[in-house]
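Opened the notebook for a quick look at this one. I wanted to check the cysteines, the biggest pocket and one of the sheets.

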Amino acid sequence: MQTMPALALRGLTVYPKMMVHFDVGREASVKAIEESMSSNQPIFLVAQKDIRVEEAPIPAIEEDGILLKVKAAAICGTDVRMVNNGYKGISPETPRILGHELSGIIERVGSRVTAYQPGQRVAVAPNMGCGVCADCVAGNTHLCRTYEALGINLDGGFAEYVAIPAKAVSQGNV
C-alpha cells in the first residue's frame, strides 16, 4: 500500500491513510479533500461512489450539545466501505457529511452544557447508543438497536464545523 502525506490546508489536517483504496479514484478523492479544505466546504457522500464538496450552513446545536471546529479528521476503512458500497439512508435527497475520526476545538456550547467551554481541545468518540440496553451496558454500543454515529448516520467531521449531539456529550464521548 502506498502511503500519502497528510493534507494540511487552512489549519485542518486530513490523514488519507487508506485513500488509495477508494474505487472512485485516488486523484478524484484527493482533489475532493483539497477542494473541501481550501474552501471550508464539507465532503458529502451522496450515493455509492459519489462524493461531493458542497456548501452547508454551520450546524445548529442543541441546548445540551457542542459545536466543534474540526482541526483533524482521518479516513478509515468504514469511510472507504461507505463510499464504495453506499450506505442505507444516504441518497441524493439525504446526503451525509462523512468523517467519524475527529478532533478539534470547542467553538460554542449549548446553554445547558457546564462541563465544557469554548476553546477546549477535544477528541470525539463518534459512536452513541441508548446507554441503557443490555448491549450498551456491556460496552457494546455498536450493537445498540438505536446506534448512531457521527459520519455514519449523523453528519460528521469532514467539514469545518460539526454539531456534537447532547447524547454524545452526556455519554462522555467528548
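My entries follow, in the order I looked things up.

**Entry 1: what I'm looking at.** I noted at the start that this is a predicted model.

**Entry 2: cysteines.** I searched the whole structure for disulfides and came back with zero. I wanted to know why Cys-133 has no bond to Cys-130. The sulfurs of Cys-133 and Cys-130 sit 3.7 Å apart, and Cys-130 holds the closest cysteine sulfur to Cys-133, so that distance is too far for a bond. The cut-off I worked with is 2.5 Å between the sulfur atoms. I then looked up Cys-144, which is in no disulfide either. Its nearest cysteine sulfur belongs to Cys-136, at 3.7 Å.

**Entry 3: exposure of those two.** Are Cys-133 and Cys-144 buried or exposed? I got a relative accessible area of 23% for Cys-133, which makes it partly exposed. For Cys-144 I got 7% relative accessibility, so I put it down as buried, given that buried means under 20%.

**Entry 4: the largest pocket.** I looked up the space in the largest pocket and wrote down about 340 Å³. How many residues line it? I have 22 in the lining, and Pro-57, Pro-59, Ile-97, Asp-155 and Tyr-161 are the ones nearest the pocket's centre. I sorted the lining by class and found 17 nonpolar residues, two polar and three charged. Which strand gives the most to this lining? I found that β11, residues 161-164, does, with four residues.

**Entry 5: a sheet of three strands.** Next I traced an open sheet, and its strand order reads β4-β3-β6 with antiparallel pairing. As a reminder to myself, strands of a sheet pair through backbone hydrogen bonds. I marked β4 (50-53) and β6 (96-97) as the edge strands, since each pairs on one side only.

**Entry 6: bridges from β3.** I went through the partners of β3 (residues 43-47). Toward β6 I count two bridges, with the strands antiparallel, and Leu-45 has Arg-96 as its bridge partner there. Toward β4 there are four bridges, antiparallel again, and here Phe-44 is partnered with Arg-52.

**Entry 7: the turn.** Last, I checked how β3 connects to β4, and the two form a hairpin with two residues between them. Lys-49 is in that turn, and I noted its positive phi of about 60°.

Methods:
Residues numbered from 1 in each chain as written. Predicted model: local features only at pLDDT ≥ 70, side-chain atom pairs only at ≥ 80, totals over all residues. Heavy atoms only, no water. Buried < 20%, exposed > 50% of the residue type's maximum accessible area, 1.4 Å probe, protein only. 1 Å grid on protein atoms, 1.4 Å probe; cavity = no way out; pocket = protein on both sides within 12 Å on 5 of 7 lines; lining within 4 Å. Points joined across faces, edges and corners; volume = space filled by probe spheres on them. Nonpolar A, V, L, I, M, F, W, Y, C, P; charged D, E, K, R; others polar. Pairing = 2+ DSSP bridges.
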